[in-house]
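Visitor: Please take one part of this model and go through it closely, including what surrounds that part. I would like a plain account that I can check against the coordinates.

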Amino acid sequence: RQQGLKSLTTLGTPRGRQGMGSVEEISEAVGHAFWDTQPVPSLNAEEEDACGPINPADPEKVRAEPYNLPPAFEWTDLDLSDAEQAKELYTLLHENYVEDGDAMFRFDYSLDFIRWAMQPPGALDYWHVGVRVSQTKKLVAFIGATPADLLCHGQRVEPRPPPAADKAEEGEGGAGASGVNMEEKLSGLDLDGGATGSAASSGGGAAELGDQAVVEVNFLCVHKKLRSKRLAPVLIREVTRRVNEKGIFQATYTAGVVLPRPVARCRYWHRSLNPKKLIEVGFSRLAPRMTMVRTLKLYALPDQPVTKGVRALKEEDVPSCCAKLNAYLRRYKLTPQLSEAEFSHWLVPRKGVIYTYVVEEAGEDGEKEVTDILHSLAPLVGAQAREA
């Protein structure tokens, strides 16, 4: 199965499809030992226009006890405001997260970037789920979830039913509103677990959850030496349980391989800003019949922006720019919607993390207004012995 999954990227080419079928067909043939047990559609299931939860949410069925871990391991919550705990997560990701097949390049997320990604408005320490070695307390695995709002076919993904204790007090007239519920992250997963086992875990986080009805799951990472322990499925079940405890039953996630069942796809391209360095460290290579001099000339940038009116986003831009961004995103069938607090968190520039620019033009009345929003993440790729 592992060899089959490694082949998906190459078999997804036109030549691969002619001989082997689509990437989805190949992935379905390889099989998914864990995902086949989850409430997600199979890759060969017929597509439906209906929009709603795969399984109805039932807070009363949420498991009360954490899932069992293999012997010698224990659950932990990470407070990323604490410098020592944030450094532990940085080290785990730096040494064990996404890398190329030759182990030459790996994402190198800074501490500031990790905190930015995992501590948006409404984030809970309880959803920063880690696994430690019981004897040494070393952090060896992690999965995180952050709250969000999504629109699916123009309707907010909801409801978020109240936790079981609150529901009992409210009776039939409780706070759970009816509405459209999205299937899941990139692979359409309903967050309702159900397995056996128990373990020890700490309580909820210090932050207070807002009214978001979805979580985004990110940074699933297991130490390289522990990949045979099957910790990833347990991590997914445990973060699912913790999210369910707070009354949220839908999640989104992304993956670099095809998992059952994608609800959206994103293809991205690289634009080299420092091609000489990237070629030196092996991230890129010279194109056929191209010299380094010609390559540098091809990718050279002007000294000043070509677009007039470009400037950095400011805090005072947040209300108008947030409204413009949300209106633009509503053109799409599946899209996030940001509050002003979330917009400020995700897009107001932070040195070394996120850079956001706006294009300001004069309107008919002579007043300047923002017409475009552009953003870019800081460089994330590290290389052996030196940074790219």
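**Helix α8 and its surroundings**

Guide: Helix α8 has 15 residues, and the distance from its first C-alpha to its last is 21 Å, close to the 21 Å expected at 1.5 Å a residue. The model is predicted, and every value here is computed from it.

The helix is mostly covered, with 12 of its 15 residues buried. The buried residues begin with Leu231, Pro233, Val234, Leu235 and Ile236. Further along α8, the buried set continues with Glu238, Val239, Thr240, Arg241, Arg242, Val243 and Asn244. The list therefore includes charged residue types such as Glu238, Arg241 and Arg242, each of which is under the 20% relative accessible area that defines buried. In general, an α-helix has 3.6 residues a turn, so residues three or four places apart point the same way. What the buried residues of α8 pack against is four strands: β1, β3 (128-133), β4 (139-148) and β7.

Both ends of the helix are worth a look at the backbone. Ahead of α8 (231-245), the loop that comes from β7 (214-222) contains Arg230. The phi of Arg230 is positive, near 60 degrees, and the residue is not a glycine. Most residues other than glycine have a negative phi. As for its surface, Arg230 counts as partly exposed because its relative accessibility is 49%. Just after α8, Gly247 also has a positive phi, of about 90 degrees.

One of the strands packed against α8 leads to another backbone case. Strand β1 (73-77) is preceded by a loop from α4 (23-30), and Ala72 lies in that loop. Ala72 has a positive phi of about 80 degrees, although it is not a glycine.

For context elsewhere in the chain, there is an open sheet of three strands in the order β9-β11-β12, with antiparallel pairing. Its edge strands, each paired on one side only, are β9 (310-312) and β12 (368-377). On average, neighbouring strands of this sheet are turned by 30 degrees against each other, direction ignored. Between β9 and β11 (residues 354-362) there are three bridges, and the two strands run antiparallel. Arg311 stands opposite Val358 in β11. Another helix, α11 (residues 318-329), lies across β11 and β12, at about 75 degrees to β12.

How values were computed. Residues are numbered from 1 along each chain as its sequence is written. This is a predicted model: local features need pLDDT of at least 70, side-chain atom pairs count only at pLDDT 80 or more; totals for chains, interfaces and linings use all residues. Side-chain values use heavy atoms; hydrogens and water are left out. Buried means under 20% relative accessible area, exposed over 50%, partly exposed in between (1.4 Å probe, protein chains only). Two strands pair if DSSP finds at least two bridges between them. Axes are lines fitted to C-alpha atoms, for helices over the stretch in contact, and angles run from 0 to 180 degrees between N-to-C directions. Contact means heavy atoms within 4.5 Å. The expected span of a helix is 1.5 Å times one less than its number of residues.
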